[in-house]
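Here is a short guided walk through one protein chain, meant to be read with the model open beside you. We will visit its pockets, then a helix, then a few individual residues.

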Amino acid sequence: MEAITDVQKVVENTMVLVLAGGQGSRLKQLTQMRAKPVLEFGSHCRIIDFPLSNCVNSGLNRIAVLTQYKSQCLIRHLMQQWGALNDNFGGRLDILPASQQHSENWYQGTADACYQNLSYIKEMAPKYVMILSGDHVYQMDYRKILATHVKNAADMTISCIEVPTKNAANQLGVLSADGKGKITAFNEKPATPHALLDAPDYCLASMGNYVVNTDVLLDLLEQDANSPDSEHDFGKNIIPNIIKQSRVFAHRFRGPTGSQIPYWRDVGTLDSYWRAHLDLLNNSDILNLSDPNWPIRGHAFAGTTTKITRASHQAPCELENVLIGSGCHLTSCYVRQSVLSNNCKVETGTNLDKCVLLPDVTVGHMVTLENAIIDKGVTIPDNFVIDNKAVARQQGFTVTDKGVILITQEAIDSLSQSEYKIDRPRHTSKLTVVEQIPSDISIQNTQPRGKNLAINEG
């Protein structure tokens, strides 16, 4: 009981800063008009809903979100979905855009974003400050890292997770720690990550989440702001400097039993964003947005139903391992291993395989799409086929090295009707008219179930 009381006191003395100002340029056109943290994920939520839900589920209700890059949609979402934090959870949510209080510059890095809000931190007067990245997908009880921080009498604690070294290379901050968890070295996005002694194919990667004693944080930010050579970034400057002079510990992100590596993914690329959606379908045991014990609070359109219908003289819809948001309407189509966000429409004879549809997408009749992300509000015309990455790239679509195809309205509009309605032999894999799909076709599940470890791909 005493331990529970102590943790509750720590929670009450903690303020959270969520860093949500990143540009997310590796997501290409998906973040051209919106900030990465507000990008839709799953059937009903946004990426930033993960850290915010984790906070609320952990009892942390003094939260500030730091915004910058194309933040209008993000601010609207925060006001509509999370503005009632005080009424619903007895706390407060503040939005802190870059306001140039200490200079004429916008936020120059993660450390500078916190430095420009020093007066806010001092006004709130917490004992501890938790700093969170606003653009990762995971479900985590933050009380555990707070408990680790207090137990070790640490100045700073960094949340970390075991990641394959090949996935961390040039992508994530990598740290080394002694047997007691004290961090001895930190490298930001090294080309050759330092491997774990007991697991040579894995390294210990920073999750971008920190707990810092407030007095220590204020001193660190002041020192960093006065350093002309600093890039004003936690990973590049703050952490390498503090481990030389202070008590900095690692908190390993673990499952309830302590042995399982939980789900965590940096969805900063088209490949990882697409793969995380498939993980929703195939790894629901470790990524479950509907877990009543740890819900991810997103936005669903109240009173808007999903309709799955059969067209006259057509086969019924055939759905296999599909997540469907509210307000969708599917008619005599074939959908497998796919995630459909709110208010999507899929017409007769269409075949979707391993696709992610963002909200308000309309897919016409007799369409075939595979391994694709379809941007918000896109209309796919009838008889459209994209199932070959080489052809898709020739047609002007963004295609990753792993074969994920990003479909935007601009790319669709740039193609003339003749380019996607010319009938060619099917073996050429060109954009072509699809023949009528026989009503007796049955799509079998050939995708193996995902395993326990489904973590970052950068």
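Let us begin at the second largest pocket, where 21 residues form the lining, and Q139, R254, G255, P256 and P262 are the ones that lie nearest its centre. Please keep in mind that this is a predicted model. The space in this second largest pocket comes to about 510 Å³.

The largest pocket has a volume of about 1,200 Å³. Its lining consists of 40 residues, and nearest its centre lie G22, T110, D135, K189 and D233. Several elements give two or more residues to that lining: the strands β1 (14-20), β10 (183-188), β12 (199-213) and β14 (264-266), along with the helices α5 (110-115) and α10 (234-242). Strand β12 provides the largest share, with 4 residues.

The table sets the two pockets side by side, with their linings split by residue class.

| Pocket | Volume | Nonpolar lining | Polar lining | Charged lining |
|---|---|---|---|---|
| Largest pocket | about 1,200 Å³ | 12 residues | 19 residues | 9 residues |
| Second largest pocket | about 510 Å³ | 8 residues | 7 residues | 6 residues |

**The chain as a whole**

Stepping back, the chain's secondary structure comes to 14 helices and 26 strands. The chain has 458 residues, and 55% of them count as buried. Among the contacts in the chain with a separation of 6 or more, 61% are accounted for by residues 24 or more positions apart.

**Helix α3 and its two sides**

Which residues of helix α3 (residues 72-82) are buried? They are L74, H77, L78 and W82. Looking down the axis of α3, you will find these buried residues within an arc of 100 degrees, so they line one face of the helix. The face turned away from that buried side carries Q72, M79 and Q80, which are exposed.

**Helix α7: L146 and T148**

Two residues of helix α7 deserve a visit. Helix α7 spans residues 142-151 and includes T148, and L146 lies in this helix too.

Is L146 buried or exposed? L146 counts as buried because its relative accessibility is 1%, and buried means under 20%. Setting aside residues up to four places away in sequence, L146 touches V10, V11, T14, L60, M130 and V211. For one of these partners, M130, there is also a backbone distance to look at: L146 and M130 are 16 residues apart along the chain, and their C-alpha atoms are separated by 8.7 Å.

T148 has a relative accessible area of 17%, so T148 is buried as well. Which side chain makes a polar contact with the side chain of T148? The partner is H251, at 2.8 Å. Apart from its neighbours within four places in sequence, T148 is in contact with T157, A250 and H251.

**Strand β6: L132**

From α7 we can move on to strand β6, the place of L132. With a relative accessible area of 0%, L132 is buried. Its contacts, leaving aside neighbours within four places in sequence, are with V16, L17, V18, L19, P51, C55, Y142, G208 and N209. L132 can also be compared in position with V211: the two are 79 residues apart in sequence, while their C-alpha atoms are 8.8 Å apart in space. V211 has already appeared here as one of the residues that L146 touches.

**Two residues with positive phi**

Finally, two residues are worth checking for their backbone angles. A125 has a phi near 50 degrees, a positive value in a residue other than glycine. Where does A125 lie? A125 sits in the loop between α6 (118-124) and β6 (128-133). Its relative accessibility is 57%, so A125 counts as exposed.

K354 likewise is a residue other than glycine with a positive phi, in this case near 55 degrees. K354 is found in strand β20, which runs over residues 351-357. Is K354 buried or exposed? K354 has a relative accessible area of 13%, so K354 is buried. The two residues with positive phi thus offer a contrast in setting: A125 is exposed, whereas K354 is buried.

Methods:
Residues numbered from 1 in each chain as written. Predicted model: local features only at pLDDT ≥ 70, side-chain atom pairs only at ≥ 80, totals over all residues. Heavy atoms only, no water. Buried < 20%, exposed > 50% of the residue type's maximum accessible area, 1.4 Å probe, protein only. Polar contact = N/O pair within 3.5 Å; in protein donor to acceptor, adjacent residues only side chain to side chain. Contact = heavy atoms within 4.5 Å. 1 Å grid on protein atoms, 1.4 Å probe; cavity = no way out; pocket = protein on both sides within 12 Å on 5 of 7 lines; lining within 4 Å. Points joined across faces, edges and corners; volume = space filled by probe spheres on them. Nonpolar A, V, L, I, M, F, W, Y, C, P; charged D, E, K, R; others polar. Arc of directions from axis to C-beta.
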